[in-house]
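Reader: I am new to this structure and would be grateful for a close look at a single part of it. Please describe the largest pocket, and then place it beside a few other features of the chain.

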Amino acid sequence: QVQLVESGGGLVQPGGSLRLSCAASGSIFSIYDMAWYRQAPGKQRDLVARISSGGSTNYADSVKGRFTISRDNAKNTVYLQMNSLKPEDTAVYLCNANVRVVGDSYYRSYWGQGTQVTVSS
C-alpha cells in the first residue's frame, strides 16, 4: 500500500557531498516522522537522523554538523544532505517512515530498499 523509494547514493571522495532523497507513495493519509538509517556490512542498523511532521530533528552524534535532514510534506519526501563525508559513512542508507494509510486509524512503519553510499578515494 505504501512504497518508499530512495535515490541519490553513489561513490564520493572523502570530504565530498551527496544528497539522498526518499519519496513515499501509495494510499497515504498522513506521515508522522521520517528517518534515515544506515547499515554497514556486518554491523547493526543505526539511526542517522529523524524529522517529525512538524520539523523537529535529531541526529546521531557521528553526523551532527555534517548531515542535514529535511522534508517536503506536500511531496511526501525526505532528504538527507551529507557534507564532509568520511570513509566511515560508507553504508547502505535506508529510509523509514511512520505512515497512516487511508482507511486506517493507526500508523505503521515502512522501509525503503536502501541506497549504497561509498566514501573512498
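Author: The account below begins with the largest pocket and then turns to a strand and a loop. The model is a predicted one.

The largest pocket holds about 200 Å³ of space. Its lining is made up of 15 residues, and those nearest the centre of the pocket are Arg-38, Ala-40, Lys-43, Asp-46 and Glu-88. Two elements each give two or more residues to this lining, namely strand S4 (28-39) and strand S5 (46-51). The largest share comes from S5, which supplies three residues. Sorted by class, the lining of the largest pocket contains six nonpolar, five charged and four polar residues.

Strand S1, which covers residues 2-7, shows an alternating pattern of side chains. Val-2, Leu-4 and Glu-6 are buried and point to one face, whereas Gln-3, Val-5 and Ser-7 point to the other face and are not buried. S1 is paired with strand S3 (residues 18-26) in the antiparallel sense, over six bridges. Within this pairing, Val-2 stands opposite Gly-26 of S3.

The loop between strand S9 (91-101) and strand S10 (108-111) contains Ser-105. The relative accessible area of Ser-105 is 66%; because exposed means over 50%, Ser-105 counts as exposed. Ser-105 is separated from Asn-83 by 22 residues in sequence, and the C-alpha atoms of Ser-105 and Asn-83 are 38 Å apart in space.

Notes:
Residues numbered from 1 in each chain as written. Predicted model: local features only at pLDDT ≥ 70, side-chain atom pairs only at ≥ 80, totals over all residues. Heavy atoms only, no water. Buried < 20%, exposed > 50% of the residue type's maximum accessible area, 1.4 Å probe, protein only. Helix = DSSP H or I, 4+ residues; strand = E, 2+ residues; numbered from the N terminus. Pairing = 2+ DSSP bridges. 1 Å grid on protein atoms, 1.4 Å probe; cavity = no way out; pocket = protein on both sides within 12 Å on 5 of 7 lines; lining within 4 Å. Points joined across faces, edges and corners; volume = space filled by probe spheres on them. Nonpolar A, V, L, I, M, F, W, Y, C, P; charged D, E, K, R; others polar.
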